[in-house]
Each structure stands twice: as C-alpha cells, then as structure tokens.
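Trainee: I'm new to this structure and would like a close look at a single part. Could you take me through the aromatic rings and what surrounds them?

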Amino acid sequence: MLIVVSAVLFALTRLTPLSPARIVLGADATAEQIQAFEHDRGLDRSLPAQYSAWVAQLPRSGFGQSYITGRSIDLELLESLPVTVELVVVTFLLTLAGAIPLGLIAALTEDRWPDHLIRMLSLMAVSVPGFWLALILVRVFAVKLGWVPPIGITPLAEGWHAHLASLVLPALSIALYYIGALSRLMRAAVIEVLGQDYVRTAHSLGLSRGLVARYVVKNALPPFVSVAGMSFGYMFGWAIIIELVFNIPGLSRALLTAITQRDYPMIQATVLVVTAMFIVSNLVADLIQRLINPRLRHA
Amino acid sequence: MASVSLNRRVFLQGGAVTIGGLGGSFAARAADERSLVVAIPSNPSTFDPINQGNHDAMVVNQLIFENLIEIDGEGRRRPMLAKAMPTISADRTEYVFELRDDVTFQNGQPFTAEDVKYSYDYMLDPTHKALRRSVWTNIESVDVLDRYKVRFKLKTPFRPFLDYMTKYMGIFPAGSREKYGNEVFQQKPEGLGTGPGIFVSARSNDVVEFRRNPNYWRKDSIAWDRLRVRIVSEEAARIAALLSKSVHIIGAPPVRDYVRLRQARAQGITGGSRPALGSLMLMIHNTRKPPFDDPNFRKAVSLATDRKTIAEKIFNGLVEPSAVPAPASAWWYNAKAAEGLAFNLDQAKAYLAKSRYASGAEFELLYSSQGYLLDVGDAALFIQASLARLGIKVKLQPLETGQLIEQVFAGNQASVLMAVIGPSDPTFIIQGIYTPNQVMTRSSGYSSERLNTLLADSFRVDDEPSLGPILADMQAILAEDSPSTWIGAIHSFNLWRTNVQGFEPNTGITLRLTDVAPTDAR
C-alpha cells in the first residue's frame, strides 16, 4: 500500500504547474537558473526515473533535504512527528475514556434519561464541524476563561501540568466527534450482547453483576476495537485542521507549509509517514481484535 | 438489567475542575513571563538576510542583521550603521558612507567597512543566488576607503538605491560565509549580525527565540530580555492569542477584527495603522490580451471602479483610495490625473462605447485565495458586480498564491487583483510592472518610452521640488493609458495589548521591535 501511495503521490506533486525552483530561487531567477536547479535535483528527468531515484535513496540517505530550508527532512520529521503522535494519542485516550463509559451508561440505562441525554450529545458531537468546535473551545476556555493557552503546545520542560493543559483543547476538538460516534457504537454493541441468551442464563445462575458486566464488555468490544483502531488512523487526518487552528507545529503544519512551498521531498515524506501511521494503527487494531476474540485466531 | 444513577451536577463540576486545574499552571506561568511575544503569519523559510522574501517574516532577519541606513516609523530614511546619510556625488553615481566606529557584531567581531564590502560583494555574486539581487545589479563596485568609510559606485544614477538598502539587505561579518557556511545563515545565525536580538533557537512553523544583545550599539533601545516571534498562520488563532494575553503584538490581523478590537481597550487591546509607503492594491491588466488591448476599455474599467466604497466598506479605511499609483496623502500625488479616473459610470459607458468591445466583453480576474495582509476576495466580488452594470462579464478565478504568482510572472493572466508590497520608494511598483526586463513586466505587457524616460529622470534626483513634477507626469501617463486599475494605497496595521509601550505600525509592514516595552515584563 505504501508503494502505491508513494507512487501516486509522487506523480500528483509533479502535476502542479509551479516549479519549486521559482520559490527557492526567487522572483528574479532566470530561465537558466531554474533549469540548473531542476537539473541538479533531477526534476528534468522522466517521472519513473525520478521516482526510482527517490526510492533508491531512501535506505541510503533517508528522505533527503528540504528544497526550501535545506534542512534534513528526517530531522524535520523527528521534530514534528512526535508532536502529532502525542496529540493523536492523547486524543485517542480521551476518546476511549469518553466513549466506553458513555456507551456503557447509555446501554445500561436504555430508554431512560441518561441514555437520551448521551444519545443527544453524541448526535451533536458527530454533527458539529471540528474546525468550528475548535474555535468555540478556544473562545471559551482560552480567551474567556484563560484556563489553557489558545495556541501551540507548551514544551514538557515547562512542566507536565502546563504541557498537558496545552494539549487538552486540541485533543478535545478531535475527540468529541469520536466520543460521539464510538459511544453510539459501544451502546449498540452492549445492548446487543445484553440481549444474548448467555447473559440471561448468567443472571439466572446468580453470577455477580460485576462478572456479568465483564463478559458483556468483553463480547461487545470486538466491533468497537475495530472501528476505534481505524479512528486512530483517521485522527492523523483530523490533526491537519486542528493543528492549523491551534498553531501546533506538528506533522500536519509541516505538510501544509510544504504544499504551499512546493517542497516535493517534504510533501512525499510527510504523506508517507501519515500513511504508515494509518496502516500501523489498523494492524494494531487487528492484532488486538485477535487477542480479545479467540475465534479470529483460528480464522 | 443493571441501572446506573447519574448525578449531573457532580459530573459537570468534575469536568470543569479537571480543565480548570490543568489551566491553573498556565495562567501562573504566563504572569511570570518576562519576554516580549509577537505573532506573525508567515514561517520564515530562511534567516539569511539576502534571501528573505516575505515582508512580515523579515522581522526575524532585521532583529539580527542591520543595514547602513533604515526607514523610521514615519517612513523617513535615517542612518543606522552609518554615522550619517551618505555624501552623494554630483552625478549621483557615488555614495560615500562614514560608518559608526562603536559597533561590534554579536560574536564580538568589530564592524568595519570591510564587512560592508564583503556583504554586498557576496550578495552581488550571481552564483550565490540572492533573492533580490536584481534590484542591486546597478552597483558597479563597493570600495573600502578606510576602516570606517565605504563607497558605492553605481553604473547609472539610481535614487531607489537607498530605499532598497533599508529592506533587501543585511550586513554580516567579513569571512563569515566561508567560516560558518550558508546553512548557519539559513537556519541558526547565532552571533552573526549587529542587531538587537541574538538568535537563540527556532522551531519551524512555531517560534523563533531571541535574547537581548547586551552589547547593542543603541544602548537603551531594547526593553526586553527575551523576544519570541511566534509563527501563527491562522488569523483567528492570532486573534485568540492576543485576546488571551499569550502574545503582545500581532501582525496582519484580519480587517474585521482589527476594526472591532481597535477601540476595545476594555479588553486590553488597541491598534493602529498608517499608510505602507510603496505598497498599493491594483488590478494589473495584460495589455497584450483582449479586452485589455484597447485603452478605451481599460479606462472604462477604471472609471467603473468605485474605489471609495471598496476602501471604506470592504477594507474599513485600511486602503486609501486612489486612481493613480500614489496615496492621496503623499506629496507626489497627482490629484488632476486621479480625478480623470474617478468613479463615473456615465463616463465609463462612454469609453466602453468607444472601445472595440462596445457590444460586451468578458475576462478572467485572478486573485489570491489566501488573504495576506488584505483579503482581496471581497473586493474582487464587488468589482465583478460593478462591471456587470456596464455589461462586462468578469469570471472570478481565485488561485493559491504560488500559482497566481506563476501566472502573473508568465503574463498568462487577463487581469489580476493584488496588493503589492514594496519599499517606500514611489517608483518601485511602476518600475517592476512597466519597464523592460523586470520580473513582472510580462504581467502588464505595457511599455512607454515617455514613462521610461521619466523613470530614468526620476532616478537622477532626490528632492521633492525636482522629483514631484516627474512623478506627477508619470501618473498622468498611467492615467491616460490606464494599463492598470489602481485601487489605492494599503495601510500597515497591527493590534497590540495596551500594556505594550513604544510600538507603532511600521510603514514597511515588517514589525519594528527595538524600542518596544511590554510593561508586564519584569
């Protein structure tokens, strides 16, 4: 999949009409200077030749250098990737912390006011655009109340408290959608399991409510884990918008800047890393599925 | 089925306490901050002063690297690393500068005439590909006369030379390129300039941090110990940062927020604006392409453009309407030429009737979809509606800035609406668009022998009585031929917290931060 993505991406970036040479060399660059720039970087070669040269250099010298800053792209990624990964991980944890209990509560109080309230809130959460929600959260919690900083991620060196505080709003801006979506999924899965014969049997045999609840949750988890795993991958995509709103110097900001500046090697590297994240998160979700669902191990 | 009892009050209180608790440390930390923090929209692609193209990102270069002269807040030239303004030869081709003898680079190296020669020679060498080298190619030589005296010899008289010197250059130590390498200039130029800020660190798309230069030659002009330039590309985020006291000053605020917040001192915010000299908003028509190949059509478009409404209603007074390439408040403004193109629909219809496109015309108007300083999208829409009243159909074509510039440089566009930012010289834009071999010449396809002669004449003088009539004649030619539709002069405008002293918008767009004192800093 990575090969397909990288090849398609490679072709797409080179379809843009503006040469990176114009951006790097500036407005007054002559045709000869632009030609020389493109020749130096192999941009005047055929697309397959450029692509194979790029693939060949990966194991030797990594992603190479940025056309614009001249910095090593590997270093750029080392700076921005952890920021995005941390944001997505915190978002994911917030999602789990919200979606699982809310889904459970809604299922256990089916058709009573807590269930109605949670369903209404989850419907709102999946309906509200993340960009708008982020702006509202900033307005209320950062501007009005001054509880958290409105932009950026406070470095850990300034204390974990401050660091965590700066992560709350961006993470929440993404997580609320997934809490809404996954709590509904959790609710449906739990309700389905609660209707199974073995649950009634367990109750009638006098098993403790805690033990029954464990069985219920365990059997309701497989569909939840599958979707949650995919959501983890999608969260990298969401981060593009949210990092912009909160001015977070993560992978997505680096990607947007690279797109604006036609920094081909940076665009390729960033998208490839995001794609890899998506693949890995799906793989991990599959493995967890197999762990909690013995039937899949033999499938 | 088990039932769960929820206590809503406890649930909500718990959430609030969690978020509030996390935020407590942030509020305390912000109060302890001892630095000046500013936010600009653009990520500097380099810290090298000879390659920085973006005007708001120039703030980082100008804190490190200085020039022989500078432009003050009012737009007047004044000495910087030079002791006084230069002595200029009678034929205006030789500029001799006496340099200050009390300046050292941040790395301790004394500043001398050798450094000036070295910096300019380096920049002029075509192999080094300096971004604005083309504006300097009129320099024949830079000669060291003694340790603190340097002479610039020009090939021909060129008045804008001094204005360009204030913006598109920076002096670095002799031998520094060989010693440190270009990568250091590009990424971490610690100790390489004479400026007030010593580079400390930078994170791409995030922040550039400076510490005060303790040996700065203007002893009492730095009122901060630390300065952080935050890169905040999203305009709503810049406003939020200012409102929440995370930054003291912001560059390029959105127009609507600027107007709303400027008066809101109760929120601890104020603002100000002043004309950005040399910066204009205009529609550059391609006179080689129909329908702009007909001067009557061009005049019809200009006369049908209600600049006053655009300036007041769309840009809230942050554009000073003008039908000629000069602000109405400037001493070189030709009111008569401007009057001839003032909004007049009847006259516009008459000119259209005289044109080859009397039965109707259609053209594509390009503009940037990414507002920088001023978002021209609404103005483009207004122009479309205005010209529809004449029967002229305008197809609006928003483009990403890079694509737009490429189209304009290649001269592919029929017309483009853009704000051009330049140095304070009044002929910068005229020269760039209408004279041969300039980067944007193809965008207009227009040339005029008379205009070129006047431009050359203007380069030989620098005093108002001599320059005024020449600039007035140039405006008259451009009004008569109307190769572009001028909308007006744009303003430089900023918002800042009321506890900031000594800050004012800079006529050159780039933030000036040397004399700025945040009163909450200790």
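Mentor: Let's settle one word before we start: two residues are in contact here when they have heavy atoms within 4.5 Å of each other. Keep in mind, too, that this is a predicted model.

With that word in hand, try Met281(B). Setting aside its neighbours within four places in sequence, Met281(B) is in contact with a string of residues, among them Phe315(B), Leu374(B), Leu417(B) and Trp486(B). Met281(B) also belongs to the largest nonpolar core, which has 109 residues. Along with Phe297(B), Phe363(B), Leu387(B), Ile392(B) and Leu417(B), Met281(B) touches the most other members of that core. Chain A takes part as well: helix 8 (residues 160–194) of chain A gives the most to this core, with 13 residues. There's a second, separate core of 99 residues, including Val208(B) and Ile222(B). As a rule, in soluble globular proteins, nonpolar side chains tend to be buried together.

Now for the rings themselves. Over all chains, the structure holds 34 aromatic pairs. Take Phe92(A) and Phe232(A), which meet edge-to-face, 5.1 Å centre to centre, with 85 degrees between the planes. That pair links distant parts of the chain: Phe92(A) is in helix 5 (residues 73–108) of chain A, while Phe232(A) is in helix 10 (residues 209–245) of chain A, 140 residues apart. Phe92(A) and Phe232(A) are buried.

Over in chain B, Tyr164(B) and Tyr168(B) make a tilted pair, with 6.2 Å from centre to centre and 40 degrees between the planes. Both of these tyrosines, Tyr164(B) and Tyr168(B), are buried. Tyr168(B) has a charged partner too, as Arg132(B) lies over its face at 4.2 Å from the ring centre. You'll find a similar set-up at Phe172(B), where the charged end of Arg177(B) sits over the ring, 4.3 Å from its centre.

Rings also join up in a cluster: ring pairs link Tyr95(B), Phe97(B), Tyr120(B), Trp136(B), Phe152(B) and Phe161(B).

To get your bearings around that cluster, look at the open sheet of four strands in chain B, with the order 4-5-7-6 and antiparallel pairing. Its edge strands are strand 4 (87–88) and strand 6 (139–146) of chain B, each pairing on one side only. Strand 5 (residues 94–98) of chain B is joined by five bridges to strand 7 (residues 149–154) of chain B, and Val96(B) stands opposite Arg151(B) in strand 7. Finally, helix 3 (residues 113–124) of chain B lies across strand 6 and strand 7 of chain B, at about 165 degrees to strand 6.

Definitions and conventions
Residues are numbered from 1 along each chain as its sequence is written. Chains are lettered from A and ligands numbered from 1 in the order in which they are written. This is a predicted model: local features need pLDDT of at least 70, side-chain atom pairs count only at pLDDT 80 or more; totals for chains, interfaces and linings use all residues. Side-chain values use heavy atoms; hydrogens and water are left out. Two strands pair if DSSP finds at least two bridges between them. Helices (H or I, at least four residues) and strands (E, at least two) are DSSP runs, numbered from the N terminus. Axes are lines fitted to C-alpha atoms, for helices over the stretch in contact, and angles run from 0 to 180 degrees between N-to-C directions. Rings of Phe, Tyr and Trp (its six-membered ring) pair if their centres lie within 6.5 Å; planes under 30 degrees apart count as stacked, over 60 as edge-to-face and the rest as tilted. Buried means under 20% relative accessible area, exposed over 50%, partly exposed in between (1.4 Å probe, protein chains only). A charge sits over a ring if NZ of Lys or CZ of Arg is within 6 Å of the ring centre and within 35 degrees of the ring normal. A nonpolar core is a set of buried Ala, Val, Leu, Ile, Met, Phe, Trp, Tyr and Cys residues joined through side-chain atoms within 4.5 Å.
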